[in-house]
Amino acid sequence: MSARILVVDDVDVNVRLLEAKLTIEYYDVLTCNSGAAALELAAEHQPDLILLDVMMPGMDGFETCRLLKARAETRHIPVVLVTALDGREDRIRGLEAGADDFLTKPIDDVVLFARVKSLTRLKQVMDELREREESSRRMGVEGEGAARLRSEGGRVLIVDDNAAQAEKIAAELGREHRVAIETDPEAAMAAAKGPLDLIIVNVAAESFDGLRVVALAKSGDARRAPILAIVEPSERPRMVKALELGATDILPRPVDPEELSARVRTQIRRKRYTDFLRQKLDSSLEMAVTDALTGLHNRRYMTGQLQALVGRAAHGGAPVAVLVLDIDHFKSVNDGFGHDAGDEVLAEFAVRLATNVRAVDLPCRMGGEEFVVVMPGASLDDAQMVAERIRRDIASAPFRVMGGKEQLTITISIGVAATTGDGDTPEGLLKRADEGVYEAKASGRNKVITKAA
(Lines give C-alpha, C1' and ligand atoms only; values in the text may rest on other atoms or scores of the structure.)
Protein backbone atom coordinates (compact mmCIF):
# COMPACT_ATOMS: atom_id res chain seq x y z
CA MET A 1 0.00 0.00 0.00
CA SER A 2 1.23 3.52 -0.82
CA ALA A 3 -0.04 4.99 2.48
CA ARG A 4 -2.45 4.33 5.34
CA ILE A 5 -5.32 6.82 5.70
CA LEU A 6 -7.80 7.15 8.55
CA VAL A 7 -11.24 8.44 7.52
CA VAL A 8 -13.35 9.89 10.35
CA ASP A 9 -17.00 10.83 9.73
CA ASP A 10 -20.23 10.11 11.57
CA VAL A 11 -22.16 9.70 8.28
CA ASP A 12 -21.72 6.16 6.98
CA VAL A 13 -22.37 7.15 3.36
CA ASN A 14 -19.54 9.69 3.45
CA VAL A 15 -17.18 7.14 5.01
CA ARG A 16 -17.98 4.46 2.44
CA LEU A 17 -17.62 6.89 -0.46
CA LEU A 18 -14.18 8.12 0.66
CA GLU A 19 -13.09 4.60 1.48
CA ALA A 20 -14.02 3.40 -2.01
CA LYS A 21 -12.22 6.29 -3.75
CA LEU A 22 -9.02 5.81 -1.74
CA THR A 23 -9.04 2.02 -1.99
CA ILE A 24 -9.27 2.18 -5.78
CA GLU A 25 -6.03 4.21 -5.69
CA TYR A 26 -4.42 1.46 -3.55
CA TYR A 27 -4.43 3.31 -0.24
CA ASP A 28 -4.87 1.30 2.94
CA VAL A 29 -8.00 2.79 4.57
CA LEU A 30 -9.11 2.73 8.21
CA THR A 31 -12.49 4.15 9.17
CA CYS A 32 -14.39 5.23 12.27
CA ASN A 33 -17.36 7.48 13.08
CA SER A 34 -16.32 9.44 16.19
CA GLY A 35 -13.54 11.59 17.55
CA ALA A 36 -12.86 9.27 20.46
CA ALA A 37 -12.44 6.29 18.14
CA ALA A 38 -10.16 8.36 15.91
CA LEU A 39 -7.83 9.09 18.83
CA GLU A 40 -7.55 5.38 19.65
CA LEU A 41 -7.03 4.24 16.05
CA ALA A 42 -4.47 6.97 15.34
CA ALA A 43 -2.39 6.00 18.37
CA GLU A 44 -2.62 2.28 17.62
CA HIS A 45 -2.18 2.19 13.82
CA GLN A 46 -0.13 5.36 13.18
CA PRO A 47 -1.78 6.32 9.86
CA ASP A 48 0.02 8.51 7.34
CA LEU A 49 -2.93 10.89 7.07
CA ILE A 50 -6.23 11.57 8.84
CA LEU A 51 -9.28 12.87 6.94
CA LEU A 52 -11.42 14.32 9.72
CA ASP A 53 -14.99 15.61 9.36
CA VAL A 54 -15.70 18.82 11.26
CA MET A 55 -19.36 18.31 12.14
CA MET A 56 -19.66 15.29 14.42
CA PRO A 57 -21.81 14.79 17.55
CA GLY A 58 -20.07 14.79 20.92
CA MET A 59 -16.41 15.50 20.15
CA ASP A 60 -16.30 17.54 16.94
CA GLY A 61 -13.46 17.67 14.44
CA PHE A 62 -11.84 20.74 16.00
CA GLU A 63 -11.54 19.17 19.44
CA THR A 64 -10.37 15.86 17.96
CA CYS A 65 -7.68 17.70 15.98
CA ARG A 66 -6.52 19.60 19.06
CA LEU A 67 -6.16 16.36 21.01
CA LEU A 68 -4.35 14.60 18.15
CA LYS A 69 -1.84 17.46 17.92
CA ALA A 70 -1.42 17.60 21.72
CA ARG A 71 -0.38 13.96 22.07
CA ALA A 72 3.23 13.00 21.41
CA GLU A 73 2.33 9.74 19.68
CA THR A 74 0.01 11.41 17.11
CA ARG A 75 1.09 15.05 16.75
CA HIS A 76 3.28 14.23 13.73
CA ILE A 77 0.35 12.79 11.71
CA PRO A 78 -1.05 15.26 9.13
CA VAL A 79 -4.72 16.10 9.69
CA VAL A 80 -7.06 17.28 6.93
CA LEU A 81 -10.33 18.77 8.12
CA VAL A 82 -13.34 18.21 5.85
CA THR A 83 -15.56 21.31 5.97
CA ALA A 84 -18.87 22.44 4.51
CA LEU A 85 -19.04 24.40 1.26
CA ASP A 86 -19.27 27.77 3.03
CA GLY A 87 -16.96 26.74 5.86
CA ARG A 88 -14.49 29.66 5.82
CA GLU A 89 -14.89 30.08 9.59
CA ASP A 90 -14.35 26.34 9.96
CA ARG A 91 -11.06 26.61 8.08
CA ILE A 92 -9.79 29.38 10.36
CA ARG A 93 -10.80 27.43 13.48
CA GLY A 94 -9.22 24.32 12.01
CA LEU A 95 -5.88 26.04 11.45
CA GLU A 96 -5.97 27.30 15.02
CA ALA A 97 -6.64 23.73 16.18
CA GLY A 98 -3.52 22.52 14.39
CA ALA A 99 -4.96 21.14 11.14
CA ASP A 100 -2.47 20.79 8.31
CA ASP A 101 -5.00 21.23 5.52
CA PHE A 102 -8.70 21.15 4.72
CA LEU A 103 -11.05 19.88 2.03
CA THR A 104 -14.37 21.46 1.09
CA LYS A 105 -17.53 19.44 0.54
CA PRO A 106 -18.53 18.21 -1.96
CA ILE A 107 -15.03 16.79 -2.37
CA ASP A 108 -13.49 17.01 -5.84
CA ASP A 109 -11.49 13.88 -6.65
CA VAL A 110 -8.62 15.79 -8.24
CA VAL A 111 -8.29 18.06 -5.23
CA LEU A 112 -8.63 15.12 -2.85
CA PHE A 113 -5.77 13.16 -4.34
CA ALA A 114 -3.58 16.25 -4.71
CA ARG A 115 -3.95 16.85 -0.96
CA VAL A 116 -3.48 13.20 -0.09
CA LYS A 117 -0.31 12.81 -2.18
CA SER A 118 1.20 16.06 -0.91
CA LEU A 119 0.59 15.34 2.77
CA THR A 120 1.53 11.65 2.69
CA ARG A 121 4.85 12.63 1.11
CA LEU A 122 5.34 15.15 3.89
CA LYS A 123 4.57 12.44 6.45
CA GLN A 124 7.14 10.11 4.87
CA VAL A 125 9.82 12.78 5.15
CA MET A 126 8.83 13.49 8.77
CA ASP A 127 8.98 9.77 9.59
CA GLU A 128 12.47 9.54 8.12
CA LEU A 129 13.60 12.47 10.24
CA ARG A 130 12.05 11.02 13.40
CA GLU A 131 13.72 7.65 12.79
CA ARG A 132 17.13 9.24 12.24
CA GLU A 133 16.87 11.41 15.33
CA GLU A 134 15.75 8.43 17.39
CA SER A 135 18.75 6.46 16.09
CA SER A 136 21.00 9.36 17.07
CA ARG A 137 19.54 9.39 20.60
CA ARG A 138 20.04 5.62 20.96
CA MET A 139 23.68 6.07 20.04
CA GLY A 140 24.05 8.89 22.56
CA VAL A 141 24.28 11.59 19.89
CA GLU A 142 22.17 14.71 20.25
CA GLY A 143 19.55 15.08 17.51
CA GLU A 144 20.04 17.91 15.05
CA GLY A 145 16.76 19.68 15.78
CA ALA A 146 14.40 18.83 12.93
CA ALA A 147 11.53 19.70 15.25
CA ARG A 148 12.82 23.29 15.33
CA LEU A 149 12.44 23.74 11.59
CA ARG A 150 9.80 26.41 10.95
CA SER A 151 7.42 27.03 8.08
CA GLU A 152 7.81 30.83 8.31
CA GLY A 153 10.36 33.05 6.60
CA GLY A 154 10.16 31.18 3.30
CA ARG A 155 11.43 32.49 -0.02
CA VAL A 156 8.40 32.54 -2.36
CA LEU A 157 8.29 33.38 -6.07
CA ILE A 158 4.91 34.30 -7.61
CA VAL A 159 4.62 33.89 -11.40
CA ASP A 160 1.43 35.64 -12.45
CA ASP A 161 0.34 38.16 -15.10
CA ASN A 162 -2.74 39.15 -13.05
CA ALA A 163 -1.32 42.11 -11.14
CA ALA A 164 -4.22 42.45 -8.71
CA GLN A 165 -4.18 38.75 -7.83
CA ALA A 166 -0.38 38.66 -7.48
CA GLU A 167 -0.35 41.72 -5.22
CA LYS A 168 -3.10 40.26 -3.07
CA ILE A 169 -1.16 37.00 -2.66
CA ALA A 170 2.07 38.87 -1.94
CA ALA A 171 0.38 41.04 0.69
CA GLU A 172 -1.08 37.99 2.44
CA LEU A 173 2.18 36.01 2.40
CA GLY A 174 4.44 39.00 3.03
CA ARG A 175 3.58 38.95 6.73
CA GLU A 176 5.41 35.62 7.15
CA HIS A 177 7.57 35.15 4.07
CA ARG A 178 9.89 36.89 1.63
CA VAL A 179 7.93 37.27 -1.61
CA ALA A 180 8.91 38.24 -5.16
CA ILE A 181 6.59 38.67 -8.16
CA GLU A 182 7.46 37.98 -11.81
CA THR A 183 5.06 38.54 -14.69
CA ASP A 184 7.45 37.27 -17.39
CA PRO A 185 8.19 33.51 -17.52
CA GLU A 186 11.81 33.98 -18.68
CA ALA A 187 12.51 36.40 -15.84
CA ALA A 188 10.83 33.97 -13.48
CA MET A 189 13.07 31.09 -14.58
CA ALA A 190 16.12 33.32 -14.10
CA ALA A 191 14.92 34.22 -10.60
CA ALA A 192 14.29 30.54 -9.89
CA LYS A 193 18.02 29.82 -10.18
CA GLY A 194 18.42 31.26 -6.69
CA PRO A 195 17.36 29.51 -3.48
CA LEU A 196 13.58 29.15 -3.28
CA ASP A 197 11.19 27.44 -0.88
CA LEU A 198 8.06 27.69 -3.04
CA ILE A 199 6.92 28.76 -6.52
CA ILE A 200 3.32 29.89 -7.01
CA VAL A 201 2.23 29.75 -10.66
CA ASN A 202 -1.02 31.01 -12.14
CA VAL A 203 -1.66 28.27 -14.72
CA ALA A 204 -4.69 30.26 -15.92
CA ALA A 205 -2.47 33.20 -16.96
CA GLU A 206 -3.48 34.99 -20.19
CA SER A 207 -0.10 36.25 -21.45
CA PHE A 208 1.90 33.03 -21.01
CA ASP A 209 1.40 29.28 -20.76
CA GLY A 210 1.33 28.54 -17.03
CA LEU A 211 1.61 24.79 -17.59
CA ARG A 212 4.85 25.31 -19.50
CA VAL A 213 6.20 27.37 -16.58
CA VAL A 214 5.41 24.44 -14.25
CA ALA A 215 7.20 22.01 -16.59
CA LEU A 216 10.26 24.28 -16.96
CA ALA A 217 10.49 24.85 -13.22
CA LYS A 218 10.45 21.11 -12.47
CA SER A 219 13.16 20.41 -15.03
CA GLY A 220 15.45 23.35 -14.24
CA ASP A 221 17.46 24.76 -11.37
CA ALA A 222 14.36 25.12 -9.19
CA ARG A 223 13.21 21.50 -9.56
CA ARG A 224 13.49 20.88 -5.81
CA ALA A 225 11.16 23.75 -4.96
CA PRO A 226 7.50 22.76 -4.55
CA ILE A 227 5.00 24.38 -6.90
CA LEU A 228 1.55 25.64 -5.89
CA ALA A 229 -0.61 25.99 -9.00
CA ILE A 230 -3.47 28.51 -9.05
CA VAL A 231 -6.28 27.04 -11.15
CA GLU A 232 -9.82 27.73 -12.28
CA PRO A 233 -12.02 25.07 -10.59
CA SER A 234 -13.98 24.62 -13.82
CA GLU A 235 -10.87 23.77 -15.86
CA ARG A 236 -10.41 20.20 -14.65
CA PRO A 237 -8.12 19.06 -17.54
CA ARG A 238 -5.73 21.94 -16.82
CA MET A 239 -5.87 21.13 -13.11
CA VAL A 240 -4.99 17.48 -13.77
CA LYS A 241 -2.23 18.43 -16.22
CA ALA A 242 -0.63 20.79 -13.71
CA LEU A 243 -0.35 17.93 -11.21
CA GLU A 244 1.00 15.57 -13.88
CA LEU A 245 3.71 18.10 -14.81
CA GLY A 246 4.93 18.34 -11.23
CA ALA A 247 2.79 20.84 -9.36
CA THR A 248 2.83 19.79 -5.72
CA ASP A 249 -0.56 21.26 -4.84
CA ILE A 250 -3.36 23.27 -6.37
CA LEU A 251 -5.22 26.37 -5.20
CA PRO A 252 -8.60 27.25 -6.75
CA ARG A 253 -9.57 30.76 -7.77
CA PRO A 254 -10.67 33.07 -6.26
CA VAL A 255 -7.79 32.73 -3.82
CA ASP A 256 -8.89 32.50 -0.20
CA PRO A 257 -6.26 34.07 2.12
CA GLU A 258 -6.55 31.45 4.88
CA GLU A 259 -6.40 28.58 2.42
CA LEU A 260 -3.42 30.18 0.69
CA SER A 261 -1.52 30.58 3.98
CA ALA A 262 -2.25 27.01 5.03
CA ARG A 263 -1.05 25.49 1.76
CA VAL A 264 2.08 27.65 1.67
CA ARG A 265 3.02 26.64 5.23
CA THR A 266 2.59 22.95 4.39
CA GLN A 267 4.71 23.15 1.24
CA ILE A 268 7.50 25.16 2.87
CA ARG A 269 7.59 22.85 5.87
CA ARG A 270 7.93 19.83 3.61
CA LYS A 271 10.65 21.55 1.54
CA ARG A 272 12.65 22.37 4.66
CA TYR A 273 12.29 18.87 6.08
CA THR A 274 13.49 17.46 2.75
CA ASP A 275 16.44 19.86 2.63
CA PHE A 276 17.29 18.98 6.22
CA LEU A 277 17.29 15.27 5.37
CA ARG A 278 19.49 15.88 2.33
CA GLN A 279 21.96 17.88 4.41
CA LYS A 280 22.06 15.14 7.03
CA LEU A 281 22.73 12.57 4.31
CA ASP A 282 25.54 14.69 2.86
CA SER A 283 26.94 15.13 6.36
CA SER A 284 26.75 11.38 7.01
CA LEU A 285 28.55 10.63 3.74
CA GLU A 286 31.22 13.19 4.58
CA MET A 287 31.67 11.73 8.06
CA ALA A 288 32.08 8.27 6.53
CA VAL A 289 35.17 9.38 4.59
CA THR A 290 36.58 12.04 6.94
CA ASP A 291 38.78 11.74 10.01
CA ALA A 292 36.93 13.50 12.82
CA LEU A 293 40.02 14.88 14.61
CA THR A 294 42.00 16.27 11.69
CA GLY A 295 39.35 16.87 9.03
CA LEU A 296 41.50 15.00 6.49
CA HIS A 297 40.25 12.06 4.45
CA ASN A 298 40.30 8.77 6.33
CA ARG A 299 41.75 5.37 5.47
CA ARG A 300 38.54 4.18 3.77
CA TYR A 301 38.53 7.08 1.36
CA MET A 302 42.26 6.80 0.69
CA THR A 303 41.97 3.09 -0.12
CA GLY A 304 39.21 3.64 -2.68
CA GLN A 305 40.93 6.54 -4.40
CA LEU A 306 44.34 4.85 -4.51
CA GLN A 307 42.82 1.67 -5.96
CA ALA A 308 41.26 3.64 -8.83
CA LEU A 309 44.37 5.73 -9.53
CA VAL A 310 46.76 2.79 -9.52
CA GLY A 311 44.36 0.85 -11.77
CA ARG A 312 44.39 3.67 -14.32
CA ALA A 313 48.18 3.97 -14.10
CA ALA A 314 48.53 0.23 -14.76
CA HIS A 315 46.54 0.65 -17.99
CA GLY A 316 48.62 3.46 -19.42
CA GLY A 317 47.16 6.34 -17.43
CA ALA A 318 48.99 9.01 -15.46
CA PRO A 319 51.36 7.83 -12.72
CA VAL A 320 50.51 8.14 -9.05
CA ALA A 321 52.84 8.63 -6.10
CA VAL A 322 52.28 8.19 -2.37
CA LEU A 323 53.89 9.65 0.71
CA VAL A 324 53.70 7.77 4.00
CA LEU A 325 54.42 10.12 6.93
CA ASP A 326 54.96 9.16 10.55
CA ILE A 327 55.44 11.65 13.40
CA ASP A 328 58.71 10.97 15.24
CA HIS A 329 58.56 10.11 18.96
CA PHE A 330 54.84 10.80 19.10
CA LYS A 331 54.38 8.42 22.03
CA SER A 332 56.55 10.69 24.16
CA VAL A 333 54.15 13.58 23.46
CA ASN A 334 51.18 11.58 24.76
CA ASP A 335 53.14 10.22 27.71
CA GLY A 336 54.71 13.55 28.68
CA PHE A 337 51.89 16.01 28.02
CA GLY A 338 48.71 13.92 27.80
CA HIS A 339 46.50 12.77 24.98
CA ASP A 340 44.83 16.17 24.66
CA ALA A 341 48.19 17.67 23.77
CA GLY A 342 48.75 14.78 21.37
CA ASP A 343 45.45 15.58 19.66
CA GLU A 344 46.48 19.22 19.35
CA VAL A 345 49.71 18.15 17.65
CA LEU A 346 47.80 15.90 15.22
CA ALA A 347 45.33 18.68 14.36
CA GLU A 348 48.09 21.24 13.75
CA PHE A 349 50.09 18.68 11.79
CA ALA A 350 47.09 18.11 9.52
CA VAL A 351 46.84 21.84 8.81
CA ARG A 352 50.52 22.10 7.89
CA LEU A 353 50.31 18.95 5.78
CA ALA A 354 47.28 20.16 3.84
CA THR A 355 48.86 23.55 3.12
CA ASN A 356 52.06 22.04 1.71
CA VAL A 357 50.63 19.57 -0.81
CA ARG A 358 49.32 20.33 -4.29
CA ALA A 359 45.66 21.18 -4.86
CA VAL A 360 45.03 17.78 -6.53
CA ASP A 361 46.70 15.76 -3.79
CA LEU A 362 44.73 13.80 -1.19
CA PRO A 363 46.14 14.10 2.34
CA CYS A 364 44.71 11.35 4.57
CA ARG A 365 45.07 10.09 8.12
CA MET A 366 45.71 6.35 8.21
CA GLY A 367 45.41 6.15 11.98
CA GLY A 368 47.34 7.22 15.09
CA GLU A 369 50.27 9.38 14.04
CA GLU A 370 50.53 7.89 10.52
CA PHE A 371 49.42 9.87 7.47
CA VAL A 372 49.37 9.25 3.71
CA VAL A 373 49.33 11.65 0.79
CA VAL A 374 48.07 10.28 -2.53
CA MET A 375 49.48 12.29 -5.44
CA PRO A 376 47.74 11.79 -8.82
CA GLY A 377 49.94 12.44 -11.85
CA ALA A 378 53.14 12.83 -9.76
CA SER A 379 56.49 11.29 -10.58
CA LEU A 380 58.92 10.04 -7.96
CA ASP A 381 60.92 13.28 -8.20
CA ASP A 382 57.77 15.42 -7.86
CA ALA A 383 56.72 13.49 -4.78
CA GLN A 384 60.16 13.75 -3.19
CA MET A 385 60.15 17.52 -3.67
CA VAL A 386 56.75 17.85 -1.94
CA ALA A 387 57.86 15.50 0.85
CA GLU A 388 60.91 17.65 1.57
CA ARG A 389 58.78 20.76 1.69
CA ILE A 390 56.47 19.12 4.23
CA ARG A 391 59.39 17.87 6.35
CA ARG A 392 61.00 21.32 6.48
CA ASP A 393 57.74 23.06 7.39
CA ILE A 394 57.02 20.64 10.26
CA ALA A 395 60.50 21.00 11.73
CA SER A 396 60.85 24.75 11.19
CA ALA A 397 58.45 25.99 13.86
CA PRO A 398 57.41 24.51 17.23
CA PHE A 399 53.87 23.22 17.85
CA ARG A 400 52.04 25.20 20.54
CA VAL A 401 49.89 23.04 22.84
CA MET A 402 47.99 23.37 26.12
CA GLY A 403 46.81 26.88 25.31
CA GLY A 404 50.28 27.96 24.25
CA LYS A 405 51.89 26.98 27.55
CA GLU A 406 54.10 24.39 25.88
CA GLN A 407 56.02 24.51 22.59
CA LEU A 408 56.99 21.14 21.15
CA THR A 409 59.58 20.45 18.47
CA ILE A 410 58.08 17.91 16.08
CA THR A 411 59.76 16.08 13.22
CA ILE A 412 58.56 13.46 10.77
CA SER A 413 59.92 10.55 8.77
CA ILE A 414 58.60 10.19 5.23
CA GLY A 415 58.70 7.34 2.74
CA VAL A 416 58.05 8.05 -0.96
CA ALA A 417 57.03 5.66 -3.74
CA ALA A 418 55.53 6.00 -7.22
CA THR A 419 54.04 3.70 -9.86
CA THR A 420 56.20 2.39 -12.66
CA GLY A 421 53.49 0.96 -14.90
CA ASP A 422 54.73 -2.60 -14.40
CA GLY A 423 52.39 -4.66 -12.23
CA ASP A 424 51.83 -1.96 -9.62
CA THR A 425 49.24 -2.50 -6.89
CA PRO A 426 48.05 -0.15 -4.14
CA GLU A 427 49.39 -2.58 -1.53
CA GLY A 428 52.80 -2.72 -3.21
CA LEU A 429 53.00 1.04 -3.52
CA LEU A 430 52.15 1.61 0.15
CA LYS A 431 54.55 -1.13 1.22
CA ARG A 432 57.47 0.52 -0.60
CA ALA A 433 56.66 3.90 0.92
CA ASP A 434 56.31 2.28 4.34
CA GLU A 435 59.76 0.70 3.95
CA GLY A 436 61.07 4.21 3.30
CA VAL A 437 59.60 5.36 6.62
CA TYR A 438 61.30 2.51 8.51
CA GLU A 439 64.59 3.30 6.82
CA ALA A 440 64.25 7.01 7.71
CA LYS A 441 63.61 6.18 11.36
CA ALA A 442 66.46 3.70 11.48
CA SER A 443 68.89 6.30 10.11
CA GLY A 444 68.04 9.04 12.59
CA ARG A 445 64.50 10.27 11.74
CA ASN A 446 63.47 13.66 10.30
CA LYS A 447 64.27 12.39 6.82
CA VAL A 448 62.71 11.64 3.44
CA ILE A 449 63.57 8.30 1.89
CA THR A 450 62.58 7.51 -1.69
CA LYS A 451 61.95 3.88 -2.57
CA ALA A 452 62.05 3.05 -6.26
CA ALA A 453 60.44 -0.14 -7.55
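**Exercise 1. Cysteines**

C65 is buried, with a relative accessible area of 0%. In this predicted model, find how many disulfides there are, and work out why C65 has no such bond.

*Solution.*
Step 1. Recall the bond: a disulfide joins the sulfur atoms of two cysteines covalently.
Step 2. Set the cut-off: the two sulfur atoms must lie within 2.5 Å.
Step 3. Find the cysteine sulfur closest to that of C65. It belongs to C32, 14 Å away, so the distance is too far for a bond.
Step 4. Search the whole structure. The result is 0 disulfides.
Step 5. Check C364 too. Its relative accessible area is 1%, so C364 is buried.

**Exercise 2. The sheet**

State the strand order of the open sheet, then say which strands stand at its edges.

*Solution.*
Step 1. Read off the 5 strands: β2-β1-β3-β4-β5, paired in parallel.
Step 2. Look for strands with a single partner. These are β2 (28-32) and β5 (101-104), so each has one side without a neighbour in the sheet.
Step 3. Add the twist. From one strand to the next, it averages 20 degrees.
Step 4. Take one pair inside the order. Strands β3 (residues 49-53) and β4 (residues 79-83) run parallel and are joined by 4 bridges.

**Exercise 3. D53**

Locate D53 in its strand and decide whether D53 is buried or exposed.

*Solution.*
Step 1. Place the residue: D53 belongs to strand β3.
Step 2. Find its bridge partner in β4, which is V82.
Step 3. Use the cut-off for buried, under 20% relative accessible area. D53 has 4%, so D53 is buried.
Step 4. List contacts beyond four places in sequence: V8, D9, D10, G61, V82 and K105.
Step 5. Consult the record. An unreviewed UniProt entry puts "modified residue: 4-aspartylphosphate" at D53.

Note on methods
Residues are numbered from 1 along each chain as its sequence is written. This is a predicted model: local features need pLDDT of at least 70, side-chain atom pairs count only at pLDDT 80 or more; totals for chains, interfaces and linings use all residues. Side-chain values use heavy atoms; hydrogens and water are left out. Two strands pair if DSSP finds at least two bridges between them. Helices (H or I, at least four residues) and strands (E, at least two) are DSSP runs, numbered from the N terminus. Axes are lines fitted to C-alpha atoms, for helices over the stretch in contact, and angles run from 0 to 180 degrees between N-to-C directions. UniProt positions are given in the numbering used here, feature names are shortened, and annotations may be inferred rather than shown by experiment. Buried means under 20% relative accessible area, exposed over 50%, partly exposed in between (1.4 Å probe, protein chains only). Contact means heavy atoms within 4.5 Å.
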